[in-house]
Amino acid sequence: MLIVMSQDATAAQIDAVKARVAQLGFQARPMPGEQRVAIGIVGNDGPVDAAHFEGMPGVLQAIHVASPYKLVSREWHREDTIVHLPNGVTIGGPEICVMAGPCAVESRDQLLETAESVARAGAVVLRGGAFKPRSNPYSFQGLGEPALELLAEARDHFGLALITEAIDEPSLDLVEQYTDIIQLGARSMQNFPLLKRAGRARKPVLLKRGLAATIREWLLAAEYILAEGNSQVILCERGIRSYDDATRNMLDVIAIPLVKQLSHLPVIADPSHGTGRRHLVGAASRAAIAADADGLLIEVHRQPDQAMSDGAQSLFPGQFVELMSEVRSVAAAIGRTVQAPAVVAR
Ligand code: PEP
Ligand code: MN
């Protein structure tokens with residue numbers, strides 16, 4: 001339930017509503033808006049009787065909220081959430097944010113060279129895995145903390161922000177110290193203890209859609225993070241498993257505008273994992289931007305044929321330059337712009 005206070009409601013009237021919510025055994029989440037305060041109720045399993053609040057002084061309306069993912073829902077929070085990063089980059093505002101880099105950090109040279117090429121092409125956030133959630137236990141699992149140190153070095157050198165994945169609670173403790181955005185991967189989307197830990201982190205979280213997750217399950221996973229107090233969440237559509245193995249995954253382009261309708265959180269697309277094939281990444285990126293994605297997460301490698309993970313879907317640096325120019329054209333066609341990097345040193 002959402003209790004909408006009238007424009008001239010006093011602080012005492014707001015406190016009285018919060019006290020009534022607590023008395024009923026639920027939690028009150030006040031949400032100050034430009035015109036008026038709304039108070040959300042969480043912790044109720046079934047509908048709450050509006051009569052508890054409708055007669056109280058200062059209450060304009062008590063509205064039943066249908067969705068189970070309340071904090072994430074646009075019914076509760078009408079304005080778009082905008083995530084701000086330390087290098088001035090925003091995600092969820094009018095400007096599109098492109099994140100790029102290798103699937104995994106493999107060496108200092110590999111990372112710095114790839115970071116330089118993506119920064120020069122116009123990426124504003126550097127990606128790169130230090131902890132890799134691999135389907136095969138014998139595949140490269142990532143370099144761990146030394147990779148985080150390299151990522152931080154590359155970020156600072158090129159004026160980028162940093163996104164890297166945490167796969168469990170110990171890696172999240174480490175990732176939180178180094179990164180600007182904590183990535184939670186498709187395989188972790190329903191790791192509920194990890195979602196709760198990310199909800200207590202003091203860094204924004206990028207939550208990928210699970211391998212076969214419905215939109216409702218994805219938004220409920222995000223709700224876990226917001227419920228712990230972290231509202232800086234970015235959603236990432238990265239393709240879902242389909243009956244057809246012609247592509248690695250099926251990028252669900254229409255999930256982007258649908259989720260933006262249901263939620264105030266920014267939504268970006270990962271066309272690399274969404275297709276699994278380098279020659280499809282450009283078309284999938286253009287489609288995602290046309291569908292109003294707030295950003296892209298793209299795998300780029302200086303030598304994709306030598307990559308220790310996801311080489312087949314990683315772009316050559318030159319292809320990424322081309323992709324950026326196409327993305328700028330599509331963005332312009334829908335009245336948006338692509339954020340430009342602040343500094344590119346070296
Ligand atoms: C990745 O970004 O490299 C990754 C492992 O992605 P996903 O969780 O979408 O498979
Ligand atoms: Mn990858």
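Buried residues make up 55% of the 346 residues in this chain. The model is a predicted one. Its fold is built from 11 helices and 15 strands. Along the principal axes, the C-alpha atoms fill a box of roughly 70 × 45 × 45 Å. The radius of gyration is 21 Å; a compact globule with 346 residues would have one near 20 Å, so the two agree. Contacts reach far along the sequence. Of those with a separation of 6 or more, 69% join residues 24 or more positions apart.

Turn next to the metal. The manganese ion (ligand 2) has four protein donors: Cys 103 through SG, His 273 through NE2, Glu 299 through OE and Asp 310 through OD. They lie 2.0 to 2.4 Å from the ion. Along the chain, these donors follow the spacing C-x169-H-x25-E-x10-D. Cys 103 sits in the loop between strand 7 (95-101) and helix 3 (108-121), while Glu 299 belongs to strand 14 (residues 295-299), so this pair ties together parts that are 196 residues apart in sequence. Are Cys 103 and Glu 299 buried or exposed? Both are buried.

Strand 14 also holds Ile 298. Ile 298 has 0% relative accessibility; buried means under 20%, so this residue counts as buried. Which residues does Ile 298 contact, beyond its neighbours within four places in sequence? On the lower-numbered side are Met 99, Ala 100, Gly 101, Arg 127, Pro 271, Ser 272, Val 281 and Ser 285. Leu 315, Phe 320 and Leu 323 complete the set. Arg 248 lies 50 residues from Ile 298 along the chain, and 15 Å separates their C-alpha atoms.

The metal donor Cys 103 appears again in the lining of the largest cavity. A search of the whole structure finds 1 cavity of 30 Å³ or more. The largest cavity has a volume of about 40 Å³. Besides Cys 103, its lining consists of Arg 127, Gly 128, Gly 129, Lys 132, Ile 163, Thr 164, Glu 165 and Gln 183. Strand 9 (residues 161-165) gives the most to this lining, with 3 residues. By class, the cavity lining has 2 nonpolar, 4 polar and 3 charged residues. Arg 127 is among the lining residues, and Arg 127 is also a contact of Ile 298.

Now the pocket. The largest one has a volume of about 350 Å³. Its lining comprises 15 residues. Nearest the pocket centre are Gly 33, Ala 38, Trp 76, Arg 78 and Glu 79. Which elements give two or more residues to the lining of the largest pocket? They are strand 1 (2-5) and strand 2 (27-32). The pocket lining has 7 nonpolar, 3 polar and 5 charged residues.

Glu 79 leads to a last site. The C-alpha atoms of Glu 79 and Arg 209 are separated by 22 Å, with their positions 130 residues apart along the chain. Arg 209 is placed in the loop between strand 11 (205-208) and helix 7 (215-227). Why does Arg 209 count as buried? Its relative accessibility is 5%, and buried means under 20%. Leaving out residues up to four places away in sequence, Arg 209 touches Ala 186, Met 189, Thr 214, Ile 215, Trp 218, Cys 236, Glu 237, Arg 238, Ile 240, Asp 252 and Ala 255. Of these, Ile 215 and Trp 218 fall within the range of helix 7 (215-227).

Methods. Residues are numbered from 1 along each chain as its sequence is written. Chains are lettered from A and ligands numbered from 1 in the order in which they are written. This is a predicted model: local features need pLDDT of at least 70, side-chain atom pairs count only at pLDDT 80 or more; totals for chains, interfaces and linings use all residues. Side-chain values use heavy atoms; hydrogens and water are left out. Donors are N, O and S atoms within 2.8 Å of the metal (3.2 Å for Na, K and Ca); water is not among the atoms, so sites may look incomplete. Helices (H or I, at least four residues) and strands (E, at least two) are DSSP runs, numbered from the N terminus. Buried means under 20% relative accessible area, exposed over 50%, partly exposed in between (1.4 Å probe, protein chains only). On a 1 Å grid over the protein atoms alone, a cavity is a set of points where a 1.4 Å probe fits but cannot get out, and a pocket is an open set with protein on both sides within 12 Å along at least five of seven lines; lining residues have an atom within 4 Å of a point. Grid points are joined across faces, edges and corners, and a volume is the space filled by probe spheres set on the points. Ala, Val, Leu, Ile, Met, Phe, Trp, Tyr, Cys and Pro count as nonpolar, Asp, Glu, Lys and Arg as charged, and the others, Gly among them, as polar. The radius of gyration is taken over C-alpha atoms; the globule rule is 2.2 Å times the number of residues to the power 0.38. Contact means heavy atoms within 4.5 Å.
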